[in-house]
Amino acid sequence: NGSLLIYNDSVNGLTTLDTSSSNYALTVNGNLTIGTLGIFPGKLKANDSSIIVTGGVYVDSNMIGFTNEIDADTSNWTVGGNWTISTLYSIPGVFTADTSTVTFNSGSTGKTIYSGGSSFYNIIFNNASGGWTLQEAMTVTNDFTVTNSDTTGSGVDLNGKAVNVTNDFSINGGEVTAGASTITIGGNWTNSGTFNAGTSSVTFNGTAQTINSATTFYDLTVSS
């Protein structure tokens, strides 16, 4: 029980927690932090493990010479708090998504996502009481899915940030608030929830794409 901090207490070495080829599951009943104080480096190699973090995930940046990293491989993540990939120091933290899936399941609003220039492969938002706000541009190299979210506020708030999704963008429930975001989609669009278009622009840039449900867009472009 409690938070987990992965780091080497020497600035000259890198400590790696490896869930190994046995793909041991990892549950953190608190926050998961990789590296600390900008000088003590750490890494998590997740393999094909199930990773549950009830709090937030924080990957520190570094000023010495090592890169703090989560190497996600094919792992499945469930995260209850904030997500921060730090760019504070000269060597940014890194989340290497590979073909992983990250599910945000907070039961409260006000959660934030700082991508730090790292992409997701699959990202899912799923809690009828949850609310998340993007703090930076987001790249998703496979699917972006909202299964459920709070609908009394902004739900999944894109906050005017650029969102680039290589494959499908699906709102299966809950709410997406786009604001002035620029959204680029390479796959299909599904909206069984609420899409608040604001003054956003949505561009479909794939081939043989479909819009599977009624949606009001502000600015829509089809470019293939």
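Two strands are taken to pair if DSSP finds at least two bridges between them, and strands are DSSP runs (E, at least two residues) numbered from the N terminus. The structure is a predicted model, in which local features need pLDDT of at least 70 and side-chain atom pairs count only at pLDDT 80 or more, while totals for chains, interfaces and linings use all residues. Residues are numbered from 1 along each chain as its sequence is written, and side-chain values use heavy atoms, with hydrogens and water left out.

Strand β17 (residues 144-148) has parallel partners in β14 and β20. Four bridges join β17 to strand β14 (residues 122-126), and the two run parallel. Within this pairing, Phe 144 of β17 stands opposite Ile 123. Strand β20 (residues 169-171) is joined to β17 by three bridges, also in the parallel sense. Here Thr 145 has Ser 170 in β20 as its bridge partner.

An open sheet of nine strands was also found, with parallel pairing and the order β1-β4-β7-β10-β13-β15-β18-β21-β24. Strands β1 (4-6) and β24 stand at its edges, each with a single partner strand, so one side of each is left without a neighbour in the sheet. Inside the order, strand β13 (residues 111-114) pairs with strand β15 (residues 132-134) over three parallel bridges. Thr 112 has Thr 133 in β15 as its bridge partner.

The edge strand β24 (residues 194-196) contains Thr 194. With a relative accessible area of 33%, Thr 194 is partly exposed; the classes are buried (under 20%), exposed (over 50%) and partly exposed in between, for a 1.4 Å probe and protein chains only. Contact means heavy atoms within 4.5 Å. Apart from its neighbours within four places in sequence, Thr 194 is in contact with Ile 171, Gly 174, Glu 175 and Val 176. The C-alpha atoms of Thr 194 and Thr 215 are separated by 8.5 Å, and these residues are 21 apart along the chain.

Glu 175 is placed in strand β21 (residues 175-177). Leaving aside neighbours within four places in sequence, Glu 175 is in contact with residues including Val 146, Asp 150, Thr 194 and Asn 196. Glu 175 is buried yet has no salt bridge, and the nearest side chain of opposite charge, that of Lys 111, is 17 Å away. For charge, Lys and Arg count as positive and Asp and Glu as negative, while His and the chain ends are not counted.

A salt bridge is a side-chain nitrogen of Lys or Arg within 4 Å of a carboxyl oxygen of Asp or Glu. Three salt bridges were found in a search of the whole structure. In one of them, Lys 43 is bound to Glu 69, with the closest N and O atoms 3.7 Å apart. Lys 43 lies in strand β5 (residues 42-45) and Glu 69 in strand β8 (residues 69-71), so the pair ties together parts that are 26 residues apart in sequence. Glu 69 counts as buried, at 16% relative accessibility.

Asp 71 forms a salt bridge with Lys 45, with 3.5 Å between the closest N and O atoms. Because Asp 71 lies in strand β8 and Lys 45 in strand β5, this pair likewise ties together parts that are 26 residues apart in sequence. Asp 71 is buried at 12% relative accessible area, whereas Lys 45 is partly exposed at 24%. The side chain of Lys 45 also meets that of Asp 73 in a salt bridge (3.2 Å, N to O). Asp 73 lies in the loop between β8 and β9, so its pairing with Lys 45 in strand β5 ties together parts that are 28 residues apart in sequence. Asp 73 counts as buried, with 17% relative accessibility. Lys 45, Asp 71 and Asp 73 are joined into one network by salt bridges that share partners.

In a regular strand the side chains alternate between the two faces of the sheet. Strand β9 (residues 76-79) has a covered face, Trp 77 and Val 79, and an uncovered one, Asn 76 and Thr 78. Four bridges join β9 to strand β6 (residues 50-53) in the parallel sense, and Ile 51 stands opposite Trp 77. Strand β12 is joined to β9 by four parallel bridges, with Val 102 in β12 as the bridge partner of Trp 77.
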